Amino acid sequence: MPQPCAAGNLSCSRRRPPPWYAGCRRVRQGKGTEKDLTVLDALILGVVQGLTEFLPVSSSGPLVLVPEFFNIPAPTLAFDVLVHVATLLAVLGYFIRDVGKIVLALVAPGRFRDRREVKYWRRLFVWLVIGSVPAAVAGFALSDFFEGLF
């Protein structure tokens with residue numbers, strides 16, 4: 001018989017809960033105390049992530065600041081990755097037609113009627129790559145610094 005987790009939830013066994021279930025995750029807070037990240041806490045953090053993702057602020061910043069301000073347990077790295085993947089899927093869902101046209105312009109340019117349209121979508125792809133390079137360089141160069149802060 002599976003034992004209940006520390007939160008007393010019998011639906012969660014000690015074996016290993018699924019990654020989306022936050023009820024059995026024990027996270028360490030300051031001063032050596034532990035507190036559970038509840039589903040409501042995860043929902044609050046997810047909503048904050050969704051609302052602040054398109055603002056010109058760090059995408060991980062709200063996930064660090066909100067737990068501090070509202071006494072919510074700090075989320076695990078797996079939770080951070082989960083909300084960032086969800087954001088990526090939402091953005092891809094919104095821009096799916098544009099992404100499809102970029103891919104078509106790169107792999108099957110003959111499907112377009114006008115060469116100018118092919119040129120436009122290829123140029124957009126190049127600018128997206130160029131715009132991503134500074135962020136990638138900064139991420140690699142400063143990763144040790146930011147990991148040391150947390």
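Let me start with a pair of helices: in this predicted model, helix α1, which covers residues 39–52, packs with helix α3, residues 77–94, at an angle of about 45°, and their axes lie 10 Å apart. That angle makes α1 oblique to α3, and the crossing of these two helices is right-handed.

If we look at which side chains and backbone positions are involved, α1 brings A42, L45, G46 and Q49 to the contact, where they meet F79, V83, H84 and T87 of α3. Sorted by class, the residues of this contact between α1 and α3 come out as four nonpolar and four polar, with no charged residue among them.

Now I would like to turn to a pocket, and here α3 appears again. The second largest pocket has a volume of about 220 Å³, and its lining consists of V91, L92, F95, D98, V99, I102, V103, L124, F125 and L128. Which helices supply at least two residues each to that lining? They are α3, α4, which spans 96–107, and α5, which spans 115–149; of the contributors, α4 gives the most, with four residues.

As for the character of the lining, nine of its residues are nonpolar, none is polar, and one is charged. The charged one is D98, because Asp counts as charged in this classification.

So, to put the two sites side by side: the contact of α1 with α3 has four nonpolar and four polar residues, while the lining of the second largest pocket has nine nonpolar residues and one charged residue.

Terms used:
Residues numbered from 1 in each chain as written. Predicted model: local features only at pLDDT ≥ 70, side-chain atom pairs only at ≥ 80, totals over all residues. Heavy atoms only, no water. Axes fitted to C-alpha atoms, helices over the stretch in contact; angles between N-to-C directions. Parallel < 35°, antiparallel > 145°, perpendicular 65-115°, else oblique. Left-handed = near helix turned anticlockwise from the far one by under 90°. Contact = heavy atoms within 4.5 Å. 1 Å grid on protein atoms, 1.4 Å probe; cavity = no way out; pocket = protein on both sides within 12 Å on 5 of 7 lines; lining within 4 Å. Points joined across faces, edges and corners; volume = space filled by probe spheres on them.
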